[in-house]
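Here are my notes on this one, as numbered points. Have the coordinates open while you read.

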Amino acid sequence: MALNDQMIENEQAETSTPKQPTPVATPTAPAAKRPLGAFGRFMRNGKAVFGLSILLAFTLVGIFAPVIAPGNPSAFVARPNQPPSREHWFGTTGQGQDVFKQTVWGTRISLGVGFAVGFLVTLFGLVIGMTAGYFGGRVDDILSLITNIVLVIPGLPLLVTIAAFLPPGPITIMLVLSFTSWAWNARVFRSQTLSLREKDFVSASLVSGESSAYIIFREILPNMTSLVAAAYLSSTLYGIGAQAGLEFLGLGNVSLVSWGTLLYWAGNNAGLLTGAWWTFVPAGLCIALVAFALAMVNYAMDEITNPRLRAEKETARVLKESSLRNSRATPVIRQATPSAE
Amino acid sequence: MSVRNLSVNYLTPRGPVRAVENVSFSVAPGEVFGLAGESGSGKSTIAHAIMRLLHPPAVITGGEVYFNGEDLLDMDDDELRQFRWRDMSIVFQSAMNSLNPVMTVGDQIIDAITAHIKLSRKEARDRAAFLLDLVGIDPQRLNAYPHQLSGGMRQRVVIAIALALNPQMMIMDEPTTALDVVVQREILQQIEELREKMGFSILFITHDLSLMVEFSTRIGIMYAGEIVEMAPSAELFSNPLHPYTRGLMNSFPSLTGPKVKLTGIPGAPPDMVAPPSGCRFHPRCSQVQQMHTEVVPRLREISPGHFVACHLY
Amino acid sequence: MKYVLRRLGFYLIAAWVSLTLNFFLPRAMPGDPATAIFARFQGRMRPEEIQALREAYGLSDGPLIEQYFTYMSHAMRGDFGISISQFPVPVTQVIGTGLVWTLLLGSVALLISFLLGNLLGVVAAWRRGGKLDSILPPVLTFVGSFPYFWLAMVALFFLAFRLGWFPLRHAYSDRLAPTFSWEFIKSVLHHLVLPAGTIVLVSIGGWMLGMRNNMIAILSEDYVNMAEAKGLSQNRVMFNYAARNALLPSITALGMSIGFILSGQILTEVVFSYPGLGYMFFKAVGNLDYPLLQGLFLMLTFAVLGANLIIDLLYVRLDPRVRAH
């Protein structure tokens with residue numbers, strides 16, 4: 001209800017600027033004071049810590065692969081389709097390779113391409129979205145039409161078709177993914193830019209004669225940081241998953257080691273049908289864990305920056321404490337009124 | 001209706017916000033009781049609390065609300081559901097937001113009726129048409145969607161819905177704030193006509209004091225969750241006692257008469273998690289004394305029908 | 001009405017873009033596209049047939065513009081050339097058989113996950129802090145993090161291979177012929193469970209969370225409050241006032257995710273060897289059957305565009321505010 005939101009928002013606005021006197025007119029300087037406080041809250045949020053630790057762990061595994069699993073992961077080491085044992089922690093593949101080594105080394109390409117795709121997709125989306133949102137008019141019409149078309153054409157078929165004509169490998173995958181998947185981000189950034197453009201502080205800058213570049217980079221962009229960060233996380237998540245999908249279909253370089261190609265070989269060698277579950281379970285679990293971690297961090301960020309979500313948590317906590325959940329009417333919890341002094 | 005010692009808290013991470021503290025007042029049949037105060041003074045909270053429409057984290061922490069002899073705060077869900085709309089209805093602040101955008105206006109009137117009375121579809125529709133006519137809208141518009149009506153018409157529709165079951169009392173929470181001045185007048189006149197015709201009482205909530213003085217029989221002034229003054233409107237207008245009321249009266253420029261310096265009230269509304277001790281107005285009062293900061297003033301009758309909660313009297 | 005026409009126009013433009021993209025793709029390959037494609041046909045077709053095929057591809061000798069128009073005219077007539085891997089069956093015929101299965105799997109999975117997911121979301125939001133609300137969202141989010149095809153592999157392995165509860169591949173038993181007999185239908189349903197189930201499991205979380213968040217936002221709207229104040233029953237408020245409005249953004253999200261859903265379905269079909277367009281697509285890639293590949297790309301794209309149009313029409317039906325314009 002409007003009243004609750006207003007009161008909670010008011011009250012939280014007070015907590016975040018404790019040392020300043022109540023400003024009379026509020027020149028909107030939104031981002032400046034928040035980051036430090038928000039960062040602290042971020043670090044204390046369970047989901048964020050969980051997600052970041054997992055991401056960090058995998059990154060370290062990728063970097064230190066030669067230390068953790070020394071040797072060539074593609075080397076033939078034992079009989080094929082051996083179950084997990086002391087020598088081969090995750091067993092062997094249908095071609096006699098060590099699954100553990102492959103999974104560890106596969107982290108490099110899978111994460112590397114994933115993060116790169118996330119970065120590029122966010123970048124392209126940002127450039128196109130902000131241009132469309134800021135300049136409006138014809139520029140916006142054309143860019144929006146392009147964006148919507150790219151958005152509506154189904155991703156995987158397009159990716160597969162394009163990739164089929166190009167030499168297979170992680171670079172191809174990275175390029176193809178980046179050039180086809182920016183549309184969602186572009187939409188999001190465009191609408192945010194549009195709404196920010198209408199705000200007073202932008203009008204103030206325009207009136208004082210600042211150039212478009214200045215306004216875009218120094219005024220609008222800083223206010224989109226949480227959105228950009230969220231977009232980067234989602235795009236990386238998408239990049240890792242889509243990459244795995246393409247590789248599974250055989251479009252990656254199947255002689256290189258990544259989680260997706262691992263799954264390709266598992267499928268191809270009918271590892272499923274010989275009972276060798278260890279050939280595909282670890283890689284999939286890794287993908288899922290990384291994806292889940294990214295989603296958690298994203299959700300945590302959303303919780304922190306969105307006052308409504310914070311209020312929801314409070315509400316949920318209060319509801320848990322009282323037992324009145326099923327009724328929607330205002331609960332009556334009579335307390336001894338503090339006697340008038 | 002009689003409200004006695006009503007208290008409402010909002011639970012927040014910083015602690016409970018004491019939005020309404022020990023408020024008592026009553027509304028006699030057929031009268032218009034105006035509740036005035038700044039934003040955040042608690043008046044809207046009271047309106048919603050009476051009908052138990054507040055949602056967590058709001059909690060009613062004390063008091064009773066008597067209507068026809070029953071305490072609304074003691075009712076269970078079924079009794080509440082029956083009571084709502086049949087005996088008391090409410091008109092929210094923003095008519096556009098009060099109407100379901102995907103249902104026709106007619107259906108929204110009809111489902112209020114059929115939730116309480118067994119009528120055939122045709123009979124319900126006829127009553128809905130009658131109600132629209134009553135508020136001055138062409139009954140043909142029963143099939144219209146809310147977005148197809150103008151702001152003033154939407155407000156009338158909401159009033160029509162409120163009248164659907166001929167309630168004894170209507171709560172009106174800032175019914176005209178979102179409208180322009182001309183339409184405001186029309187709506188209020190309409191409401192007044194309907195009231196005379198149908199005899200319901202009104203709890204009228206607004207921050208616009210000038211509007212209220214014309215319209216209400218009695219007025220209660222709220223500050224920081226408490227009622228600080230209560231009197232018949234003419235009396236309040238001519239003889240405001242509480243410094244806050246005085247301040248409010250002075251902040252309205254009059255169209256006629258000599259040019260007077262416009263004074264506001266210095267300071268800002270208090271933090272409701274930790275409101276000022278004693279009299280909650282004391283930080284902003286020009287006549288504050290030591291005792292005022294320690295002892296909470298009680299609402300006392302100074303002259304017949306005129307109540308004030310202030311140590312100066 | 002104008003809204004629908006605008007959307008239709010947009011989809012037509014998108015379709016045209018896909019056709020044009022399809023035209024230029026073979027030419028993006030290093031080397032002469034014609035050689036690469038037709039090298040596979042050597043010795044299997046008569047020269048006139050090859051020439052006809054070249055024309056279908058617009059790969060005649062002539063200026064690019066001329067090639068383009070030749071290609072477009074063939075496309076308009078539904079002539080997408082001949083499949084290499086299933087020579088001499090024309091591409092359109094090959095696609096026809098796959099379309100049915102993809103539509104079956106897709107609609108069943110989508111309907112179940114969308115309806116069930118949204119329903120769960122409505123109930124979860126209504127009973128905030130209740131068991132449904134605290135347990136399901138994190139669990140379903142975790143399950144939704146798994147790549148479609150991996151979950152399919154797990155399901156195939158444990159439920160079909162190890163436990164033998166479900167068949168390992170295809171849309172119906174290899175021993176049956178497609179008829180409208182009850183036995184055939186039973187077989188089809190039996191083969192549907194795992195593929196559809198995998199898709200539902202991965203995607204239901206998204207619908208539930210989305211709907212739940214929509215509902216939470218809607219539940220703080222004044223008209224929901226008003227509905228409660230009117231003394232309406234809980235069910236009526238929950239469904240006719242809250243859910244009905246929260247459904248709108250869900251439907252919009254549905255439209256935007258059709259492409260994504262299809263991508264997931266392609267992968268699922270591959271794992272289960274389910275003979276839909278996705279599985280054909282995969283085989284075409286493996287066989288480097290370019291004509292079929294491109295034909296499938298177009299078919300899949302058109303399917304998505306068509307689905308989007310249907311959803312737009314549905315949205316107009318549900319939101320009176322759009323109808324006015």
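Where is the place of B:Val183? It sits in helix α7 of chain B, and point 2 picks it up from there.

1. Ground rules. This is a predicted model, in which local features need pLDDT of at least 70, side-chain atom pairs count only at pLDDT 80 or more, and totals for chains, interfaces and linings use all residues. Residues are numbered from 1 along each chain as its sequence is written, while chains are lettered from A and ligands numbered from 1 in the order in which they are written. Helices (H or I, at least four residues) and strands (E, at least two) are DSSP runs, numbered from the N terminus.

2. B:Val183. This residue is partly exposed, with 17 other C-beta atoms within 10 Å. (Buried is 20 or more other C-beta atoms within 10 Å of the residue's own, exposed is 12 or fewer, and partly exposed is in between; C-beta atoms are placed from the backbone.) Leaving aside neighbours within four places in sequence, B:Val183 is in contact with B:Gly151 and B:Gly152; contact means that the C-beta atoms, placed from the backbone, lie within 7 Å. The C-alpha atoms of B:Val183 and B:Met153 are separated by 9.5 Å, with the two positions 30 residues apart along the chain counted as their spacing.

3. The α6/α7 pair in chain B. Helix α6 (residues 151-163) and helix α7 (residues 181-198) of chain B have axes that come within 10 Å and cross at roughly 20°. That makes α6(B) roughly parallel to α7(B); angles under 35 degrees count as roughly parallel, over 145 as roughly antiparallel, 65 to 115 as roughly perpendicular and the rest as oblique. Axes here are lines fitted to C-alpha atoms, for helices over the stretch in contact, and angles run from 0 to 180 degrees between N-to-C directions. The crossing of α6(B) and α7(B) is right-handed, meaning that the near helix is turned clockwise from the far one by less than a right angle (anticlockwise would be left-handed). Residues making the contact include B:Gln155, B:Ile159 and B:Leu163 of α6(B), and B:Ile187, B:Ile191 and B:Leu194 of α7(B). By class, the contact of α6(B) with α7(B) has 7 nonpolar, 4 polar and 2 charged residues. (Ala, Val, Leu, Ile, Met, Phe, Trp, Tyr, Cys and Pro count as nonpolar, Asp, Glu, Lys and Arg as charged, and the others, Gly among them, as polar.)

4. The sheet in chain B. Four strands form an open antiparallel sheet in the order β2-β1-β4-β5, where two strands pair if DSSP finds at least two bridges between them. At the edges stand β2 and β5 (70-71) of chain B, each with a single partner strand, so one side of each has no neighbour in the sheet. Strand β1 (residues 2-12) is joined to β4 (residues 58-67) of chain B by 7 bridges, and B:Ser7 has B:Gly62 as its bridge partner in β4(B).

5. Two phi values to look at. B:Asn22, in strand β2 (residues 15-26) of chain B, has a positive phi near 55° without being a glycine. B:Asn22 is buried, with 21 other C-beta atoms within 10 Å. C:Ser273 also isn't a glycine and has a positive phi of about 50°; it lies in the loop between α10 and α11 (277-287) of chain C and is partly exposed, with 15 other C-beta atoms within 10 Å.

6. Chain C overall. There are 13 helices and 0 strands in chain C. Buried residues make up 44% of its 325 residues.

7. The α5/α10 pair in chain C. The axes of α5 (residues 91-126) and α10 (residues 234-272) of chain C come within 10 Å and cross at roughly 140°, in a right-handed crossing. The contact of α5(C) with α10(C) has 10 nonpolar, 4 polar and no charged residues.

8. Interfaces of chain C. With chain A, 47 residues of chain C touch 41; the chain C side divides into 31 nonpolar, 13 polar and 3 charged. With chain B, 18 residues of chain C touch 23, and α9(C) gives the largest share of the chain C side, 6 residues.

Terms used:
Contact = placed C-beta atoms within 7 Å.
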